[in-house]
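This briefing goes through selected features of the model shown below. Points are grouped by topic.

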Amino acid sequence: MIIPVKTTLGGYDIVLERGALAKAGELLELNRKVMIVSDDGVPGQYIDTVAGACGEVHKVIIGKGETHKTLDSFQMIADKMLEAGFSRKDCIVAVGGGVVGDLTGFVASAYKRGIDFYNIPTTSLSQVDSSIGGKTGVNYNNVKNIIGAFYQPAKVLIDPDVLKTLSARQISNGLSEAVKMSLTSDPELFAIFEQNDSFDDDTIDKIIEKALLIKKSVVEKDEKEQGLRKILNFGHTIGHGIETVCVSAGGEQEFYHGECVALGMTVMCSDEVRARLIPVLEKLGLPTSCKIDEEKVFEAVKQDKKANADGISAVFVPEVGKYKLVNITLDEARNIIKKF
Ligand SMILES: NC(=O)c1ccc[n+]([C@@H]2O[C@H](COP(=O)([O-])OP(=O)(O)OC[C@H]3O[C@@H](n4cnc5c(N)ncnc54)[C@H](O)[C@@H]3O)[C@@H](O)[C@H]2O)c1
């Protein structure tokens, strides 16, 4: 299936198809100098498949995890591209999850002021959400995604077959973003989560497709987050605060991104929605409560890009499929964080 996404500069296609990875050579223009960026947790077979389809292949494999979404990784890739003489006619391909995709897209936006970027997302999170919409960037000074750019991919190749090597926890981590989109925009998608106790291939394909269609419709109307696109941040305001504290604690991350979003959603919806959301999160094995250092999370939330002197702009879901943009004061934010 091809899902076209319109952008102000034209647009790009998302190819959603089981087996698409093996067709990378046909579907992408790889007969040139190609920099493949991945991380050391992505199974090598996926990287090799893409590499086998390239004219002249170069690779950078960063360490896995959020702590590697940094300017250091950016520099490492840029250094290699300079060394290998990459020109604007060449391209860069992300093979990995949201960390690799966000980082690679940012390098693509900046190297020689922009070269072709293909995204091949290999996690459920990146397949339902992060690989489309053009948000790229890195974390800096303990602030999530604070340095980055809007830069659109030339094409996105989604092969749900690659999810077979992903752990159940990582699958649920990504589905959390699809639950998020269903709550603000699509009661039918939420019903899929409510009605299924396990998710076979057909159901996963349906979830990916429905989530992509929601995200496509939102980013087409609001490419640079002037308004509507904020709904994609449902659960993220408090969630990012929790994630920042987890990442800055170093070592193994206690919570993944989607798990932080799950926590963030539980405190930004009506009681009626929460009563339906909690069983869905529990079924997916996502956290619904946690022990956190309230003060540290509050400090992190204050740093949020959506925060200003009057408070923080956030999304509230009063009923499944509906949303309200609200402004919460810093005092209110502190009280919300205390709910954990
Ligand atoms: N740009 C956006 O619009 C957007 C939206 C949502 C989230 N994000 C970002 O996405 C990131 C999180 O992405 P993520 O959840 O994909 O995490 P991730 O990129 O860290 O990937 C999770 C883990 O899965 C491993 N992995 C990847 N593919 C695999 C596969 N097929 N089989 C086995 N293991 C595999 C990776 O090595 C990694 O260890 C965060 O940095 C978040 O800020 C961006």
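Asn-145 counts as partly exposed because it has 16 C-beta neighbours inside 10 Å; a residue is buried with 20 or more other C-beta atoms within 10 Å of its own, exposed with 12 or fewer, and partly exposed in between, with C-beta atoms placed from the backbone. The model is predicted: local features need pLDDT of at least 70, side-chain atom pairs count only at pLDDT 80 or more, and totals for chains, interfaces and linings use all residues. Residues are numbered from 1 along each chain as its sequence is written.

**Positive phi**
- Asn-145 lies in strand β8 and has a positive phi, near 50°. Helices (H or I, at least four residues) and strands (E, at least two) are DSSP runs, numbered from the N terminus.
- Arg-113, in the loop between α4 and β6 (116–121), also has a positive phi, near 60°.
- Arg-113 counts as exposed because it has 7 C-beta neighbours inside 10 Å.
- Most residues other than glycine have a negative phi.

**Domains**
- The domain assignment gives domain 1 (2–165) and domain 2 (168–338); such bounds come from an automatic or database assignment.
- The C-alpha centres of domain 1 and domain 2 lie 24 Å apart.
- The contact takes 28 residues from domain 1 and 30 residues from domain 2, where contact requires C-beta atoms, placed from the backbone, within 7 Å.
- On the side of domain 1 that touches domain 2, β1 (2–7), β2 (10–16), α5 and β8 (143–150) each supply at least two residues, and α5 gives the most, with five.
- That side of domain 1 has 13 nonpolar, 11 polar and four charged residues. Ala, Val, Leu, Ile, Met, Phe, Trp, Tyr, Cys and Pro count as nonpolar, Asp, Glu, Lys and Arg as charged, and the others, Gly among them, as polar.

**Ligand shell**
- The ligand is surrounded by 31 residues, the closest being Gly-41, Gly-97, Gly-98, Thr-123 and Ser-130; a residue is near a molecule if its C-beta atom, placed from the backbone, lies within 6 Å of it.
- Two or more shell residues come from each of α4 (98–110), α5 (124–130) and α6 (168–185).
- The shell divides into eight nonpolar, 16 polar and seven charged residues.
- Both domains give residues to the shell around the ligand, so it lies between them.

**Nonpolar core**
- The largest nonpolar core (buried Ala, Val, Leu, Ile, Met, Phe, Trp, Tyr and Cys residues joined through C-beta atoms within 7 Å) has 97 residues, of which Val-93 and Val-95 touch the most other members.
- Helix α8 (residues 201–221) gives the most to this core, with eight residues.
- Both domains give residues to this core, so it lies between them.

Technical notes:
Contact = placed C-beta atoms within 7 Å.
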